[in-house]
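Biologist: Before we discuss the cysteines and a helix, could you show me the model?

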Amino acid sequence: MKRDGTNKSFWQDVDIENFSTDPAILDFHTIVVGAGITGVTLAKELQNRGIKCLLLDKENPGFGTTGGTTAHINNFYDASYNEIIENFGKDPNQLLLNATLEVLDYIKDNISKYSIQCAYSTCDFFLFSAESGQNEQLEQIYAAHQQLGLPTHYVETIPFDIPFEKAICIEGQAQFHPMRYIAGMIEAYRREGGEILTGRGIETYSNEDGRVKLKLSGKEVYTAKNIIWATHVPPGKNRFNFLLAPYRSYVLTLKLHGEPEALGQAADLYDPYHYFRYHRSDKEHYLIVGGFDHKTGDDQQTEQHFADLKLWVDQHFDYDELTASWSSQYYDSADGLPFIGSMPNENNVYIATGYGGNGMTFGSMASLVIPDLLEGKENPLAELLSPSRIKPVASAQQVLSEGVNAAKHFIMDKFSAESLKEVESLQPAEGKIVHYRERKLAICRDMEGELHAVNSVCPHMGCTVSWNPSEMSWDCPCHGSRFGMNGKLLNGPASVDLGRVNFD
């Protein structure tokens, strides 16, 4: 399978590229765009409810974040429950926790029902203060868990040989191999007559008179009553360009000498924090470690983050060998909760985005919300997670911060640029923004020494892209669109490639 980056993740051992069917019909009740955990789970849930849908992806399933996750299935979130109580109140928080526990059971039931072999296991999570200044934050998180009834207690030891000040054990977590999970879900979906098309991009999209119409890159035309964008950010220019912020996180997988005393997950309270867990695969055991997150496109020294993470690992853990290293993208929402439901002012368009670092849980939670909305059923969770919600207290500061960040790039990117003479000095895997005939070009050299030149302006909203050397991609610092060396679109919200440039 392929991913949206040069580095290979630990999960890319699954043959998942040949799942396409040949749909005999051209009109569906619902089209689901995006075959990551959100889209795949939704397609299967809609099928279970008797709703005829088409699952569509321009690449192979799991090409985006699902193929690059660390696959934590947690009953708590990056936005801690004490923060959510402050922003939304206790009752909505209790609703969210109850839904979260339902999601964990839902995933486990899917694995059992469809006999999916995906290295599923349960364990506890150990959240700790690495220094005394983090103790108060830990105590606030613990108090919120007690208030909500989430089983959490203080501990003196954790199953990782790392120093800490104080630690709490949060019971009831799970983990799995994400690509094997969605492969099993797709197999079950296809076995029961589900339609899926991969390797098909959307050339044109219209939504008129309550009907969605898609023309694909293979020239097929499909129509539907509804469309679900399970693509992180819905395409085009909309309010979510300002309510979502794209981030990248760095991950290492390390083979261990032997079996740990117990499986477990853990994180400290730095910002950004380090997070890690044990993983069992067949008879081998691994440590998966992540951290050093930053806003997409804002840091061009991406390879240094791998080096810094490796140094941190070497200081705290013993292991046999490094087996994989990669980075992946996620989107933070302005108020800490995802947007799951119908698009504002378009009641036949649905989205699921803004998961933060909790994609496995929130991505599955979408299947507890959107299918009910499609069937006209009331769902209290839908109001809490509504894409139309506005929470001024929770959102204003974050929206302003991200808006200033994007505006900075719109303005500053128009000035500083490299001289074209620097192109000759480009090394393999290096890229730069240069001036050429009063234009700004994004130029890079691949590992074979060939130069690639593309338009430097992101087609989404006009921001200048930035070179990511660790993934050998052009990343937009405004809203997170990403493109390959040759300009091919990897991640939205842009909907078209960067234009290629030929020197004459």
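Modeller: Here, buried means under 20% relative accessible area, exposed over 50%, and partly exposed in between, with a 1.4 Å probe and protein chains only. This is a predicted model, in which local features need pLDDT of at least 70 and side-chain atom pairs count only at pLDDT 80 or more, while totals for chains, interfaces and linings use all residues. Residues are numbered from 1 along each chain as its sequence is written, and side-chain values use heavy atoms, with hydrogens and water left out.

Biologist: Is Cys123 buried or exposed?

Modeller: The relative accessibility of Cys123 is 8%, so this residue counts as buried.

The sulfur of Cys123 is also too far for a bond from the closest cysteine sulfur, in Cys169, at 9.4 Å.

Both results concern Cys123, and the class asked for is buried.

Biologist: Which cysteines form a disulfide?

Modeller: A disulfide is a pair of cysteine sulfur atoms within 2.5 Å, and by this rule the count comes to one. The link is right-handed, with 65 degrees about the S-S bond, and its sulfur atoms are 2.3 Å apart. The two partners, each of them buried, are Cys463 and Cys478.

Biologist: How far apart are the end C-alpha atoms of helix 8?

Modeller: Helices are DSSP runs (H or I, at least four residues), numbered from the N terminus, and the expected span is 1.5 Å times one less than the number of residues. For the 16 residues of helix 8 (residues 359-374) this gives 22 Å, which agrees with the distance between the end C-alpha atoms, 22 Å.

Key:
Helix = DSSP H or I, 4+ residues; strand = E, 2+ residues; numbered from the N terminus.
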